[in-house]
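The following exercises are to be worked through with the sequence and the three-dimensional model at hand. Each task is followed by a solution in steps.

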Amino acid sequence: MISQDTVLLSQKRVLCDWVKYIAALLVVNGHIFIFSNPESEFSKFMNLGACCVSIFFFFSGYGLMTSQRQKGDAYLKGFFRRRILKVLMPLLTAYAITLPIYALLRGPIDWMTVLKTLTWGGPYLRYSWFVSEIVVLYAVFYIVMKTKCGIECKRNILTLLVLVMMALLMITRQPVWYIISLPGFIMGIWFQAFEDKLTGILSEDFILLTSVVIWFFTWQWQLIGHDILTAYRWEYMSYYIYNIAFVVMVVGLVCKLKIPPPDSYVIRSSYEVYLMQNCAFIIISVLSLPFVEYWIMAICTSILIGYFVHNLNARLYKI
């Protein structure tokens with residue numbers, strides 16, 4: 001049972017939207033530094049992409065389980081139209097806008113490459129691998145929730161299947177960033193189950209401080225821990241630990257904050273900002289700007305295009 005004194009994450013929708021929007025901008029910022037200014041001393045402190053994707057996965061897992069708890073089996077009716085369409089339509093819109101811009105500024109489109117790289121975007125919609133994974137997770141969620149067993153059993157099965165998904169990605173030697181953020185989804189589905197207790201625990205100052213220390217130590221393993229534990233297996237383990245610690249840290253802060261931030265329609269475009277970032281990079285790269293100007297323009301352009309595409313998608317949903 002949820003205590004009446006507990007303020008659920010689902011009741012802090014505006015704050016959670018702000019978190020997701022800031023996370024999307026941090027992903028964009030990290031990609032700018034990693035691919036446009038890798039030699040900078042600041043670059044290693046800007047690589048927050050995997051951490052932020054962990055947050056996206058957390059809110060996805062939490063949101064799915066919360067809706068299932070509130071609506072029961074009725075939630076599964078029209079599930080693919082509500083959930084899958086809202087994931088895939090922005091992807092198609094992003095391609096429809098990015099491909100002509102790529103053709104205009106970079107060169108001809110290789111349509112075979114477009115087809116072969118649909119699961120991760122290729123040179124046209126880089127970083128869209130997240131969409132492929134979230135669609136798979138939604139499909140797995142739907143199948144599991146259709147089974148005839150209790151919600152606890154369903155949550156266990158869903159957890160197991162996500163772990164199997166991670167194992168398959170490892171076995172097939174997929175990029176590590178495809179894997180290390182997936183525990184965030186598992187954390188989301190379990191946080192929802194024990195939200196009453198975990199809200200108080202994660203928001204405690206000691207837990208928050210501990211999560212910050214663990215996150216920073218493992219996130220900056222090359223800077224801090226590499227000389228202590230030199231084997232690669234320790235570094236590989238750190239990838240998972242810092243993503244888990246980051247989720248604990250951010251969720252703890254969200255639970256702790258009591259004053260709601262101002263609402264804004266702009267923050268609802270976090271998904272489109274994520275999808276359209278490569279389009280923004282293509283446009284700004286034509287200007288041959290010094291890095292600082294490129295950095296500012298790339299962030300601003302991602303925000304503007306993301307907002308425009310979000311409005312376009314909102315209109316398309318109503319058609």
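**Exercise 1. Two loop residues with positive phi**

Arg173 is located in the loop that connects α6 and α7, where helices are DSSP runs of H or I with at least four residues, numbered from the N terminus. The model is a predicted one, in which local features need pLDDT of at least 70 and side-chain atom pairs count only at pLDDT 80 or more, while totals for chains, interfaces and linings use all residues. Residues are numbered from 1 along each chain as its sequence is written, and side-chain values use heavy atoms, with hydrogens and water left out.

Task. Determine the phi of Arg173 and of Ser288, and state whether Arg173 is buried or exposed.

Solution.
1. The phi of Arg173 is near 55°, a positive value in a residue other than glycine.
2. With a relative accessible area of 75%, Arg173 is exposed; the classes are buried under 20%, exposed over 50% and partly exposed in between, for a 1.4 Å probe and protein chains only.
3. Ser288, likewise not a glycine, has a positive phi of about 50°.
4. Ser288 belongs to the loop between α11 and α12 (291–318), and its relative accessible area of 65% makes it exposed.

**Exercise 2. Helix α5 and its surroundings**

Task. Compare the expected span of helix α5 with the distance between its end C-alpha atoms, and identify which of its residues are buried and what covers them.

Solution.
1. Helix α5 covers residues 129–145, that is, 17 residues.
2. The expected span is 1.5 Å times one less than the number of residues, so the helix should span 24 Å; the end C-alpha atoms are 25 Å apart, which agrees.
3. The buried residues of α5 are Trp129, Phe130, Val131, Glu133, Ile134, Leu137, Tyr138, Phe141, Val144 and Met145.
4. Their cover includes α2 (49–71), α3 (79–105), α6 (151–171), α7 (183–193) and α11 (270–285).
5. Beyond residues up to four places away in sequence, Phe130 touches Val53, Phe56, Phe57, Tyr271 and Tyr274, a contact being heavy atoms within 4.5 Å.

**Exercise 3. The nonpolar core**

Task. Find which members of the largest nonpolar core touch the most other members, then describe the place of Val251 and its contacts.

Solution.
1. A nonpolar core is a set of buried Ala, Val, Leu, Ile, Met, Phe, Trp, Tyr and Cys residues joined through side-chain atoms within 4.5 Å.
2. The largest such core has 92 residues, of which Leu9, Phe130, Phe141, Trp215 and Tyr274 touch the most other members.
3. In soluble globular proteins, nonpolar side chains tend to be buried together.
4. Val251 is part of helix α10 (residues 232–256) and is buried, at a relative accessible area of 4%.
5. Apart from residues up to four places away in sequence, Val251 touches Leu9, Phe58, Phe191 and Leu202.

**Exercise 4. Aromatic pairs and charges over rings**

Task. Classify the ring pair of Tyr75 and Phe79 and that of Trp190 and Phe194, and locate the charged ends of Arg126 and Arg155.

Solution.
1. Rings of Phe, Tyr and Trp (its six-membered ring) pair if their centres lie within 6.5 Å; planes under 30 degrees apart count as stacked, over 60 as edge-to-face and the rest as tilted.
2. The structure holds 33 aromatic pairs. Tyr75 and Phe79 form one that is edge-to-face, at 5.7 Å centre to centre with 80° between the planes.
3. The ring centres of Trp190 and Phe194 are 6.2 Å apart and their planes lie at 5°, so this pair is stacked.
4. Tyr75 and Phe79 are buried, whereas Trp190 is partly exposed at 27% and Phe194 is partly exposed at 45%.
5. Ring pairs join Tyr75, Phe79, Phe80, Tyr138, Phe141 and Tyr142 into a cluster.
6. A charge sits over a ring if NZ of Lys or CZ of Arg is within 6 Å of the ring centre and within 35 degrees of the ring normal. The charged end of Arg126 sits over the ring of Phe35, 4.6 Å from its centre, and that of Arg155 sits over the ring of Trp190, 5.6 Å from its centre.

**Exercise 5. Cysteines**

Task. State how many disulfides a search of the whole structure finds, and explain why Cys16 has no bond to Cys255.

Solution.
1. A disulfide is a pair of cysteine sulfur atoms within 2.5 Å, and the search finds 0.
2. The cysteine sulfur closest to that of Cys16 is in Cys255, at 8.5 Å, which is too far for a bond.
3. Cys51 is in no disulfide either, the nearest cysteine sulfur being that of Cys52, 6.5 Å away.
4. Cys16 is buried at a relative accessible area of 7%, and Cys51 is buried at 1%.
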